[in-house]
Amino acid sequence: MIIVYTLKVALCLIVFYLLYKLFLSKETFHRFNRVMLLSVIFLSLVIPLIKISLSSPSPVNEGMVMIEDLILQGSVIPDAASTSRITFMGCVALLLIAGWIVFFLRMIFSVCHLLFKIKKGKDEVIHIQGARVIVMRELTSPFSWFNNIIIGKDDYQEHPEEILTHELAHVQLYHSYDIVLANLLIIFQWFNPASWLLKRELQNVHEYEADQAVINRGVDAKQYQMLLIKKSVGEHLFSMANYLNYHSLKTRITMMQMKQSNPWHKMKALVVVPMAALAVVAFANPHVDAVAEQIQSESDAVVSQAVTEMKNEMTPTQEQPLVQVEETEENVEVVGKVVDIDGKPVIGAAILIRGTKKGSVTDPEGLFRMKDVPVGSWIDVMYVGYKTVSMQVTKANASKLSFVMEKENASNGKVFDVVEQMPQFPGGMPALMKWLQDNMKYPKEAQDAKQQGRVIVSFVVEKDGSITNVRVVKSVTPALDEEAIRVVKAMPKWNPGMQNGEPVRVNYTVPISFLLYGGKTDVNAPSGSTIHMGTPGNVQPLYVVDGKEMNWADIQKIDPAKIESMTILKNEDATKKYGEKGKNGVVVIQLKK
């Protein structure tokens, strides 16, 4: 979670710094600018923590979701020669931690050096307006730290009024607290140039305020500017202190000579408001918590956790089916595991509920868990370099989903999902429907048990048109599954898919329905819509052929070879267009002209 949060803070800092630099850095209301800079830091740290839920994703939100999905899919680099995995996000975490340690030690060193310097000069201490003025015998550049002012003996004797007034302004305006905050920000965002630039802008504002205090005291401006030039070659040893001879001398002198800015120019700060709102919307992603937790889990695994080999046999799954079944309103908790074909856990695979933004990623053991998943919904598992696999959630399998992911083959054997010319059964879709009806046999045991349903079968059409890798994506019963696999394997060769003028291997998915109507049996297929030749049950869909409503008897008379296309409408899609008539679904048939 800390990695995702760190990146979001970095984005906010960059955007807000650029806005400040563009609209406010040249203005002379220094106190206001100081407040704005501190507000920029505060907003950048807080905005990524704000969680809101959007009823519909905005374009900005969609962009952030895409970024997070890329992080998920690119977070693991599989090593086939080893049982352990080194994650990309784990390496990022180690690099961040190393930077935090280095820059924290840097700050500790600076503080210790400051304390040593103060302790060294404690014999010559003067108290002025609540501040401790420590006069050093050796030559040193004047600086302040909290209520301590360190000044060389020569400076104290020659220019006490200008230097002490300047440093007292730092003390009385509590500038050291700002510097501590800026240094802590640099530790957290050491890789982000905006954090360093914000500290520099904050120090500039501090010096503007202190310089203004000197001028308001009645000190001659030109004389004071000459003093700054004289002291500009002094040493800078402590990142935690405020120096009289801070390096942006030219800017300071220019600022002292500028006319006071129009107070209305403060209205420029309002540009931060829409940008802050935009950032909140951009980070409004419902499943970001799950994503962050899993990324953190991966990072921890790099340091302390070994990968556990899976011993249970997994049931293979295949590509996404062309048709989604209707979801119920009942929700269940889903628990599953994702492995490769060797049985090794796939770490960091993206788990998504199809049609939503809700999801998770696999942990170092390839496990995942999601709550409130609708029964009947489809779970899609994606990972870079692997073929996407899917499975439908049921009450029976919700607690034991198993996914096996296959790597994409070499270029000469790669299996495509979409190509320029998709493979085709000889004679087209009507011929495939007729072939399946003629060759399918309804298993007697399934018929006796009154078992029916739709088996979704996936297979690969090879370069020569042959059918391989036949497997069930959605199961009904073993008997119906076996019959669906048998008839698909028995299909004649297809016309292969073509890509760039060359035959290629293509994934194809066919739903095959087994239905019992009035004691009769029927088997049919595919392309996401089917015609059932038999006596319909009590609940019938609405049939629309070329824009005209037709009854079941007329539908039976249609020659499948004359069908151009078929579309199934359900739920709101059906009732919105056809009203109450469409409550049981609508089958829209377009005949060939």
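**Exercise 1. A salt bridge inside a helix**

Which residue's side chain meets that of Arg486 in a salt bridge? Work out how the two partners sit in the chain and how well each is covered.

*Solution.* Before we start, keep in mind that this is a predicted model.

Step 1. The partner is Glu483, with an N to O distance of 2.6 Å. A salt bridge here requires a nitrogen of Lys or Arg within 4 Å of a carboxyl oxygen of Asp or Glu, and this pair fits that rule at 2.6 Å.

Step 2. Both residues belong to helix 15 (residues 478-489), and because they are three residues apart there, about one helical turn separates them.

Step 3. Now look at the cover. Buried means under 20% relative accessible area, and exposed means over 50%. Glu483 has 9% and is buried, whereas Arg486 has 37% and is partly exposed.

**Exercise 2. A salt bridge across the sequence**

Find the salt-bridge partner of Glu406 and say which parts of the chain the pair ties together.

*Solution.*

Step 1. The side chain of Glu406 meets that of Arg471, at 3.3 Å from N to O.

Step 2. Glu406 lies in the loop between strand 14 and strand 15, while Arg471 is in strand 17 (residues 467-474), so the salt bridge ties together parts that are 65 residues apart in sequence.

Step 3. Glu406 is partly exposed, with a relative accessible area of 23%. Arg471, at 17%, is buried.

Step 4. Stay in this loop for a moment, since Lys407 is also found between strand 14 and strand 15 (415-416). Lys407 has 43% relative accessibility and counts as partly exposed. From C-alpha to C-alpha, Lys407 is 9.6 Å from Thr388, a residue 19 positions away in sequence.

**Exercise 3. Salt bridges elsewhere**

Describe the salt bridge of Lys583, then list the residues of the network that salt bridges with shared partners create.

*Solution.*

Step 1. Lys583 pairs with Glu580, and their closest N and O atoms are 3.5 Å apart. Both of these residues are exposed.

Step 2. The network joins Arg31, Arg34, Asp178 and Glu209 through salt bridges that share partners.

Step 3. The count of salt bridges comes to 16.

**Exercise 4. A sheet of three strands**

In what order do the strands of the open sheet containing strand 8 stand, and which ones are at the edges?

*Solution.*

Step 1. The order is 11-8-14, and the pairing is mixed.

Step 2. Strand 11 (367-374) and strand 14 (401-405) are the edge strands; each has a single partner strand, so one side of each has no neighbour in the sheet.

Step 3. From one strand to the next, the twist averages 30°.

Step 4. Strand 8 (residues 331-340) pairs with strand 11 in the antiparallel sense, over six bridges. To find one of these bridges, start at Lys337 and go to its partner in strand 11, Leu367.

**Exercise 5. A hairpin with a covered strand**

Are the faces of strand 13 buried or exposed? Then trace how strand 13 joins strand 12.

*Solution.*

Step 1. In strand 13 (residues 389-392), Val389 and Met391 point to one side and Ser390 and Gln392 to the other; all are buried, and both faces are covered.

Step 2. Strand 12 (residues 378-382) runs antiparallel to strand 13, and four bridges join them. Ile379 stands opposite Met391.

Step 3. Six residues lie between the two strands of this hairpin, and Gly385 has a positive phi near 90°.

**Exercise 6. Unusual backbone angles**

Where in the chain are Gln129 and Phe146, and what is the sign of phi at each?

*Solution.*

Step 1. Recall that most residues other than glycine have a negative phi.

Step 2. Gln129 has a positive phi of about 50°. Its place is the loop between strand 3 (125-128) and strand 4 (131-136), and Gln129 is exposed at 54%.

Step 3. Phe146 has a positive phi of about 55°. Phe146 is in the loop between strand 5 (143-145) and strand 6 (148-152), and is partly exposed at 27%.

**Exercise 7. A nonpolar patch**

Name the residues of the nonpolar surface patch that includes Ile108.

*Solution.*

Step 1. The members are Leu94, Ile97, Ile101, Phe104, Leu105 and Ile108, with about 520 Å² of accessible area together.

Step 2. Ile108 lies in helix 4 (residues 88-120) and is partly exposed, at 35% relative accessible area.

Conventions. Residues numbered from 1 in each chain as written. Predicted model: local features only at pLDDT ≥ 70, side-chain atom pairs only at ≥ 80, totals over all residues. Heavy atoms only, no water. Pairing = 2+ DSSP bridges. Axes fitted to C-alpha atoms, helices over the stretch in contact; angles between N-to-C directions. Patch = residues over 30% accessible without salt bridge, like charges linked within 9 Å, V, L, I, M, F, W, Y side chains within 5 Å. Areas by Shrake-Rupley, 256 points an atom, 1.4 Å probe, with all protein chains shown as cover. Buried < 20%, exposed > 50% of the residue type's maximum accessible area, 1.4 Å probe, protein only.
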